[in-house]
Amino acid sequence: MSNLITVTNPQSPIAEAYRTLRTNLMFYSTEKPLHTILITAVSAPEDKSDVVANLAVTFAQSGHKTIIVDADLRRPSQHTLWGVSNERGLTSMMTDSALLANPPLVATKIENLSLLPSGVLPPVPADILSNQRMSEIIGILKARADYVIFDAPPVLSATDASLLANKLDGVVLAVRAGKTRRDHLSQAQSALAKVHVRVLGTILTNAPRERAQKY
């Protein structure tokens with residue numbers, strides 16, 4: 001759990017930044033509150049899975065029932081971050097109707113936080129995410145939590161993120177300082193705009209930090 005700074009060092013400036021992000025998302029819109037949020041990257045992983053996990057922790061710590069869904073069906077990593085099995089998960093719900101009534105959620109060590117791992121990887125992830133059952137699964141998870149946060153592949157690497165984001169309340173792009181190219185970011189935003197996805201904003205990771213202040 002070394003990447004979970006909101007757990008290992010909750011008083012750090014980075015953990016506080018995650019809490020600020022959580023608050024911004026919670027109050028993003030009073031007319032249409034966010035309940036399902038997708039976190040993705042531009043063309044490389046760019047810390048997106050760490051962002052998903054840490055952001056989810058802050059939602060759970062604030063007393064909201066939260067579910068992480070590892071929808072990166074190409075290179076899943078949430079099960080590794082949390083040290084759990086990946087044998088059953090999202091893809092299991094796609095093939096086993098019995099699991100719709102009892103999703104294979106894994107409890108984490110954080111109160112109010114559960115994880116739905118990716119499950120066995122499919123040959124064509126895009127077919128899974130565009131399937132009508134995916135919309136049904138999203139509805140089932142929404143009924144069980146206040147917030148459902150999805151981890152998806154980078155936008156420019158596959159169509160997966162665009163297909164899934166179109167079914168959710170909004171998407172946030174993780175951008176790594178000093179690594180993500182501006183033209184790639186522009187291309188990613190255009191790709192999401194073409195499918196009428198609600199882009200909430202970007203998260204800048206690995207940014208240079210000013211000297212920590214006492215307060």
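Trainee: How many bridges join strand 1 (residues 36-41) to strand 6, and do they run parallel or antiparallel?

Mentor: Five bridges join them, and the two strands run parallel. Keep in mind that this is a predicted model.

Trainee: What makes strand 1 and strand 6 a pair?

Mentor: Pairing needs at least two bridges found by DSSP. Strand 1 and strand 6 have five, so they count as paired. One example: Ile 39 has Val 172 as its bridge partner in strand 6.

Trainee: What makes strand 3 (residues 106-107) count as a strand?

Mentor: A strand is a DSSP run of at least two residues. Strand 3 covers residues 106-107, so it qualifies. Strand 3 pairs with strand 4 over two bridges, in the antiparallel sense. Ala 107 stands opposite Ser 114 there.

Trainee: What lies between strand 3 and strand 4 in their hairpin?

Mentor: Five residues. In this hairpin, Asn 112 takes a positive phi near 75°.

Trainee: Which strand is joined to strand 4 (residues 113-116) by four bridges?

Mentor: Strand 2 (residues 66-70), and the two run parallel. Ile 67 has Ser 114 as its bridge partner in strand 4.

Trainee: Why is the pairing of the sheet called mixed?

Mentor: Strands of a sheet can pair either parallel or antiparallel. Strand 2 and strand 4 run parallel, whereas strand 3 and strand 4 are antiparallel. The sheet holds both senses, so its pairing is mixed. Its seven strands follow the order 3-4-2-5-1-6-7, and the sheet is open.

Trainee: Why are strand 3 and strand 7 (199-205) called edge strands?

Mentor: Each pairs on one side only.

Trainee: How do you know that Leu 164, in the largest nonpolar core, is buried?

Mentor: Core members must be buried, which means under 20% relative accessible area. Leu 164 belongs to this core of 35 residues, so it is buried. Leu 164 is also among the six residues that touch the most other members. Helix 7 (132-144) is one of the elements that supply at least two residues of this core. The largest share, five residues, comes from helix 7.

Trainee: Which residues does Leu 164 touch?

Mentor: Leaving out residues up to four places away in sequence, Leu 164 touches Leu 38, Ala 71, Leu 129, Met 134, Ile 138 and Phe 150.

Trainee: What makes Lys 48 a lining residue of the second largest pocket?

Mentor: A lining residue has an atom within 4 Å of a pocket point. Lys 48 is one of the 14 lining residues, so it meets that cut-off. The lining has four nonpolar, four polar and six charged residues. The pocket's volume is about 220 Å³.

Conventions
Residues are numbered from 1 along each chain as its sequence is written. This is a predicted model: local features need pLDDT of at least 70, side-chain atom pairs count only at pLDDT 80 or more; totals for chains, interfaces and linings use all residues. Side-chain values use heavy atoms; hydrogens and water are left out. On a 1 Å grid over the protein atoms alone, a cavity is a set of points where a 1.4 Å probe fits but cannot get out, and a pocket is an open set with protein on both sides within 12 Å along at least five of seven lines; lining residues have an atom within 4 Å of a point. Grid points are joined across faces, edges and corners, and a volume is the space filled by probe spheres set on the points. Ala, Val, Leu, Ile, Met, Phe, Trp, Tyr, Cys and Pro count as nonpolar, Asp, Glu, Lys and Arg as charged, and the others, Gly among them, as polar. A nonpolar core is a set of buried Ala, Val, Leu, Ile, Met, Phe, Trp, Tyr and Cys residues joined through side-chain atoms within 4.5 Å. Buried means under 20% relative accessible area, exposed over 50%, partly exposed in between (1.4 Å probe, protein chains only). Contact means heavy atoms within 4.5 Å.
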